[in-house]
Amino acid sequence: MAADKPVRRVALLTAGGLAPCLSSAVGGLIQRYTAVAPDVEIIGYLNGYHGLLSGRYVDVTPEVRAQAGLLHKFGGSPIGNSRVKLTNTADLVKRGLIADGQNALQVAAERLVADGVDVLHTIGGDDTNTTAADLAAYLHEHDYDLTVVGLPKTIDNDVVPIRQSLGAWTAAEQGALFARNVIAEHSSNPRMLVVHEVMGRNCGWLTAATALAYREWVKDQEWNPGIGLTSGGWDVHAVYVPEATIDLDAEAERLKAVMDENDCVNIFLSEGAGVPAIVAELEARGEEVGRDPFGHVKLDTINPGAWFAKQFAERIGAEKTMVQKSGYFSRSAAANDKDLALIKECTDYAVDAALRGESGVVGHDEERGDELRAIEFPRIAGGKEFDAGVEWFTALKAEIGQP
C-alpha cells in the first residue's frame, strides 16, 4: 500500500494453535489504533482464515474499543482460531470452505477487497504467517492494494529470524507451574517414573525453558529430608529436546542410579524428541502415521511421552509410570508481565508499520542486530532450532548430571 494512501479499515485474525498472547495482541492492536488513528474502522475475522474464507467477522465497536484493555487479562482468542492453509486446496474443498475448482488465495483476496480492508493483521505462528506471505504475494501479483502485517505467536519460540515469539515466556512459566503438581505424583508409588511432556514439535526451547523455570522454583524451596521431603525427589532428572541425540542405553543406566537414590525419576520431554525414531518404528510395523493439513505428523497419535516411558520403565526398574502433558494448560494462559511488555512493543510497531504501508512480520530480527522491524515475509520460516549448546541449558544439564 502506498504510504500516502489513507487507511480506512483494518482486519484482525488469529490462527493456528493457542498461545498466551492472542487475546492481548488483539487488545493491543485495538488500543493502538484507537490512540493514534481513532477514525480507522476495525473488524475481526472469526476463527482465522476460516472466517476470512467464509466472510464471517465482528465489528470492533466503540464499546469494544473502550474495554479493549480487558483482553490483556485473558488467554485464548476472543475472535477464535482455526488451522487453515490457503494453499491446501483439497483440505479446503473437503471442509466446505471453497468450491471445487476455486483458488483459496483468490477467494480470500476478493473477500478482503469486498469487505473494504486496507490492512490485514495476522497473529499466529509460522504456518499462519507463511500463509499470510502466500496471500500477500498473491495480492501483489494481482495488483491488490493491501498491507499485511503479522505478529509472531508460537509457544515453541521457533520462528526464523525472530528472537522471541509472543507468548513463549508465559508458556514456560505456566509449564513450570503445571509441573509442580505433576511431579508431586512421584510420591504416589514406590519407584515412580514421571514424564512431563512439553509442546515443541521441532524446537526444544520451550521444554528447556520450562525445565529451567521449574528448577528455579525447586532451588527456592526449603526442604525437610528427615520426613522424606527432599529436593532430589522433586528435581528434574532429565531434559530431552529434538535437537540433541538421546543415547537410551546410557541414559537408562544413569537414570537407574537416580531411581535407586530418589525412589523416582522425573523427565521433561519435548513432544518432538525422538519423533523420527518413533515414526520409523510405527511404519516398519505397517502402521499409518496421521498428518495434519500442513503435513505435520499428528503427535497425539504417536504419543512420544508414552513411547519414552516404555523405553525407560523396565530398564530403570520403575514400578509405575505416569505421562502428563502441559501443552493445553500452558498455551491457554493469559500473558505474564514479561510477555505483556513484548506484546505492547510489537503491537504498537505493527500499527505504525501498517499506517505507513509497510508489510511484514513484526519482531526483533536476529539477522539485523535484534532490531524491532517488520521482517520481510520471504524471510519468515518455521522450525527454528533451539541451540542446545546455549550456556544456560548446558549449565542446567550439568547441574542434574545429564551429559
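Which residues lie nearest the centre of the second largest pocket? Here are some friendly notes on that and on the cores.

1. This is a predicted model, where local features need pLDDT of at least 70 and side-chain atom pairs count only at pLDDT 80 or more, while totals for chains, interfaces and linings use all residues. Residues are numbered from 1 along each chain as its sequence is written, and side-chain values use heavy atoms, with hydrogens and water left out.

2. Gln-164, Trp-169, Trp-205, Ala-209 and Trp-392 lie nearest the centre of the second largest pocket, which has 20 lining residues. A pocket here is an open set of points on a 1 Å grid over the protein atoms alone, where a 1.4 Å probe fits, with protein on both sides within 12 Å along at least five of seven lines; lining residues have an atom within 4 Å of a point. Its volume, the space filled by probe spheres set on the points, is about 380 Å³.

3. The largest pocket has a volume of about 950 Å³. Among its 37 lining residues, Arg-83, Met-199, Arg-201, Glu-271 and Arg-331 are the closest to the centre. Domain 1 (9–165 + 335–379) and domain 2 (168–331) both contribute to this lining, so the pocket lies between them; the bounds come from an automatic or database domain assignment.

4. The largest nonpolar core (buried Ala, Val, Leu, Ile, Met, Phe, Trp, Tyr and Cys residues joined through side-chain atoms within 4.5 Å; buried is under 20% relative accessible area with a 1.4 Å probe, protein chains only) has 63 residues. Tyr-33, Leu-151, Tyr-214, Val-239 and Val-362 touch the most other members. Both domains give residues to this core, so it lies between them.

Terms used:
Buried < 20%, exposed > 50% of the residue type's maximum accessible area, 1.4 Å probe, protein only.
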